[in-house]
Amino acid sequence: MKAFGYVEAKDVAHAVALLAEHGGKAKVLAGGTDLLVEIKHAVHNPELIVDISQLRELKVIAVADDGLHIGALATHGEIMSSPVIQTMFPALVEAAHSIGAMQTRNLGTLGGNLITCVPSMDSGPALMALEALVTIAGADGERQMPLAELFVGPRRTSLKPGDLLIDIVIPKKNLDKPAAFEKFGLRKGQALALVNVGAAFFVDKGNFREPRIALGAVAPTVMRAPKAEAFLDGRKIGAEAMAEAGRLAATEAKPIDDFRASAGYRRDLIAVLTKRALENAYALANTLAGKKVSEPVS
Amino acid sequence: MDDKTKVVERERLDLDEQLRGADFDLRLPATVPRKPFPIEPLTVDARQQTRAVGQRATRPDGRLHGLGQTKYIDDLSFPGMLHARIKRAGIASARIKRIDTSAAEAMPGVLAVLTGKEIPVNSFGPSLQDQPVLVDEFVFHAGDGVAAVAAVTEQIANEALEKIVVEYEPLPAVLDPVAAMRDDSPKVHAPNSNIYASKMIRKGDVEKGFAESDHIFEDRYSTQMIEHVSLEPHAAIADWDANGRLTIWATIGRITLARGDMARTLKLPMSRIRIIGTVVGGNFGGKNEITQEPALALLSKKAGRPVKGVFTRVEEFTSTTTRHPIIMDYKTGVSKEGRILARQIRLVLDGGAYCSWSETTLGKACILAPGPYKIDNVVSEAFVVYTNKTMTGAMRGFGAPQVCFAYESQMDDIAKALGMDPLEIRLLNAFDEGSPSPTGQVLHSVVVKETLNKAADRFGWREPRS
Amino acid sequence: MIDVTIFVNGQTRDATVAPETTLLTLLREHLHLTGAKLGCDVGDCGACTVVVDGMAVNSCLMLAGQVNGRSVTTIEGLATRDRLHPIQKAFEDSGALQCGFCGPGAIMATKALLDEKSDPDVQDIRDALSGSLCRCTGYTKMIEAVQEAARVLRSEARNQITHART
Amino acid sequence: MKRRGRGVACMWYPIGFTVSANASAAVVKINEDGTATVLTGTVETGQGSLTVLAQIAAEALGIATDDVHVVSADTDTTPMDTGAIASRTTYVTGNAIWLAAEAAKAILFETAAPMLGVKTSQLEAKDRKIQVKNYPQRAVAIGEVAHRSQIVLGQPAIGSASWNPPTVALDPETGQGKPFATYVYATQIAEVDVDDETGEVEILRICAAHDCGTAINPMLVEGQVEGGISMGVGMALQEEMLFDAKGRHVNPNLTNYIMPTSLDMPPIEVDIVQGFDPTGPFGAKGVGEPTAVPTAAAILNAVHDAVGVRITSLPATSEKILTAIKAKRAAEMKQIPA
């Protein structure tokens, strides 16, 4: 790695001040699993590293009045072992578990995964399906916005120089919303997603209510699938509806051909994974409701 | 460290660590722990048996691996040792118009820079000597080295590489082995043909065999380029003494050959070269010849210091040998009972930019291609061609995994077409003790049928399927 | 240059390093602990795995500054003078290491797993080893070794409890 | 839906170089306490070859593996060796060490014969003793013999030998000849589940039966088989070095070059088919490379058995398999008359 300066931030205010002072020449070190690789490959040549990795206040995972808060520095490993998340959102546990391997999951953070903003990020889809909000600290104080508005393009977020992502919130209205995460990679361990899907919906008298489907790795950023969502909303829950939603989602995505897979294959996977995510969310709904499956999906 | 921090640290320790901390001898200069001793016995039984053969004896080196005490190259260090890095071409085919190393040489901390023109005999290879240590006139594949730097730190060496300016005149590259066989294809090593070796095995009369066959199967199979991925990257250290004697510590599985190659490239008598093969962190065929060693030796000579070079993981892929992709055409004639009567095979091996172990791979693939089967009529021919890609060479199996994929895939298709069980058709055709091989060799200690039956029994092949 | 104090294998160590120094470089070049290996330098292969505050991490993906004031255990910290760690013993007895280059990393990953979960099933073990690439063994004997080490460690823990009671 | 399939593949593989010489030389020195030091120019690259070579020397000298130390891989001190290549170490280097050990042992027998009052041809080395064949009560400790030989008689028991596999050059026209001294054989059977919606293959288990002649060290043989299979799995389904249109590498890193992790490997059941090759050291042949040979074929045959598609180009990625499944379905649809 080329030489750079290093400051360990004492707290969020200190970090924000450092970022304000150094602007684009500074880089924030959270987990480092992406940043240090990119510096080694000379993607970035920062003058200063602002190390926030030891800010414990950004690791808190807790339910508050407005929803479930996950601190931006919560590592994937911490998300996996959080009893709160295990109980409420197994999809987030699965998404975290699907990232890298134990060693990188112990370093990599949720905030870092979102900020790196690669289209195949595994943290994005399930959170987007749960309509998560993000809290940003900047020179002008804190502000909150939907997670979807954070993503601008591949490796591009809407954060301004000097902004720091500090918190991710799943809003209160969705705290009991069943959600599922599906991922397909080129191998089982340490896989990058060819496609990943997050899905969530309420079961309302046997019908889909407020279905949310988010797709990863098939567009410049993680994206929602509005046509598939609209198709499902209010519709009776069943295997054919889920399959059709999958087919619709596949038409909405904008996957690319690359050396990992063709766009056509990615579309096939979207259809299958969306269907499976819906099936799994429904199975979870039934488990949460503590009742037997009233309508088997297949 | 202040006292407050110390208290915090203490709290973090578990009991085990506290006990070990109490045992800490303050006089030790570094954190390296004292070595475990006296050691507990290695698994006593197996290693102490005086009928040694057949014992599940543990490995003495396995203990050192597990303790982290094995000294691989990168764990060795000598006073004043420099770190070498090699600039890679990054272009598949080109003429080198100019190499300017002056800015790199002027950098503080850079003690030596080397280009291909300074290498006494700039070519090596186990059969054809077609591979330059550092390319000087032409680039043959993107992973070629064009210059090498030795500096006091790896960081400085890396920065020096960026300051080396190389001007290329891009030339047409040929990447597809079939295209490379055509007369009008660009020549990788002009003016020579891209086909640089071939082999033919002929036995019986295939045309007669096909005429007698009830069914003919014709298929094409192809395989990919594969990297060895030894966990330890290629690494070496070069050092000279005042008598002009060179010592190389290297990750090489063939030190005798390596010494020959070093003597040739450096024009040194063999008596003045010592090659020490350290414990190699994985080979699989990928560490059977020299790579950067002559460059390290010359950098060391220039700088008057020991020089270490360790490939990056990227270089492991781009600049070391790989497994041959092979395009395999199989034509097989069988009787209605499922006996193979004739087999005609044509193999085209993608040799990449240099020969390396291609001749060996070609030969083994060609001989083994008919499979472990009694076939009276065989033609097997194989060609290996240059392309402007990473060179292919020795890798676990020398072409055998590729041809096995072909002959065993086709075997299942034959079984299916004839309504036979895949196991039975193999047992019907497999070699027996004394069977002649495709080259006419009378085979001994043949147990292919025993392995078929053993694996089938273990698997439960003959049990009813659920 | 930055000053770093780390608690490594039970000993407090100070070092003054360039800010871009990774934990792996700090261990290997400044503290002469060469057990952790550099296999890819970007967190894919796991040969550099060490345990920081109880968690297995890729030491090539941490800066030295990040471990200031923290506790690090490396492969050199497992054995005592008179005894191999049960994980090391199990790896040796099972023939789980061939070229050995991935070994220190795989053993440290195993240490983190078994500290967390004393009775892992095969899937847990495969999951814990998935960050340690190995080209020699197919992971088969490594998985057997982890199971054996877990068995020994559980039995030692039981004996310690019994010993404490008597 | 997941569909199960099974596939078998067998293979043959030669030991050593194709016709060309690939000699090994070795020196065996019996120390004056009856332990031994072996010098060999081969290199330990992970297979455990030095342990196997120690076992061969120990067997020849009637001592234990632990009594033998192997010095290797230094052109200044060790005799020439063609090296860790072509699955040749156990067979070729093993033969050289065995012959060298026999030469050293012959010196011990010359010393022991008068001590035991018999001819050298009546002696054998066993259980750390030199003893009379079929009359083991008459014996003397090997250390005592070695000490007497070196210290009293001044005849240190040092043997050296070399060995090269006997071959016959191939006819340039027909390729007929004897390119290799010996071959090994193996069969692997794979069981897989194929997801017919994604093309994903899950390998459930692999049974491998391998011939290596005498297994000098069964644990190390198993290790070779298991490791070779992991390479075969990568070749079958995952690994490929890719280039762009200009010949530059696309995936030169372990993130994008997909090799098997522990989660991608199935359980492996290894059987060693014990054989005996009279040309090898104590009947041994070799095992290193052949372990990687039949795996891909077995897996692809299992995929064919599961979903009825034949993948002819490796690696058989999930995309290739799904594409083939869809093509097969389309062809079947066409065959149904309207």
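Here are three short exercises, with worked solutions, on the cavities and backbone of this predicted model.

Before you start: residues count from 1 along each chain as its sequence is written, and chains are lettered from A in the order in which they are written. Local features need pLDDT of at least 70, side-chain atom pairs count only at pLDDT 80 or more, totals for chains, interfaces and linings use all residues, and side-chain values use heavy atoms, with hydrogens and water left out.

**Exercise 1.** Find the largest cavity and describe its lining.

*Solution.* Step 1: get the term straight. On a 1 Å grid over the protein atoms alone, a cavity is a set of points where a 1.4 Å probe fits but cannot get out, and lining residues have an atom within 4 Å of a point. Its volume is the space filled by probe spheres set on the points, which are joined across faces, edges and corners.

Step 2: take stock. There are 13 cavities of 30 Å³ or more, and the largest holds about 570 Å³.

Step 3: go to chain D. Of the 37 lining residues, Gln47(D), Ser87(D), Gln224(D), Val287(D) and Gly288(D) are the closest to the centre. Helices α1 (49-61), α2 (89-116) and α4 (218-238) of chain D each give two or more residues, and α4(D) has the largest share, with 3. (Helices are DSSP runs of H or I, at least four residues; strands are E runs, at least two; numbering starts at the N terminus.)

Step 4: sort by class. You get 16 nonpolar, 17 polar and 4 charged residues. Here Ala, Val, Leu, Ile, Met, Phe, Trp, Tyr, Cys and Pro count as nonpolar, Asp, Glu, Lys and Arg as charged, and the others, Gly among them, as polar.

**Exercise 2.** Now do the second largest cavity.

*Solution.* Step 1: its volume is about 150 Å³. Step 2: 19 residues line it, and Arg88(B), Gln131(B), Pro132(B), Val133(B) and Ser319(B) sit nearest its centre. Step 3: the classes come to 10 nonpolar, 7 polar and 2 charged.

**Exercise 3.** Go back to Ser87(D) and work out what its backbone is doing.

*Solution.* Step 1: place Ser87(D) in the loop between β4 (68-72) and α2 of chain D. Step 2: check phi, which is positive at about 50°, although this residue isn't a glycine. Step 3: check exposure. Ser87(D) has 11% relative accessibility, so it counts as buried (under 20% relative accessible area; exposed is over 50%, partly exposed in between, with a 1.4 Å probe and protein chains only).

Note on methods. On a 1 Å grid over the protein atoms alone, a cavity is a set of points where a 1.4 Å probe fits but cannot get out, and a pocket is an open set with protein on both sides within 12 Å along at least five of seven lines; lining residues have an atom within 4 Å of a point.
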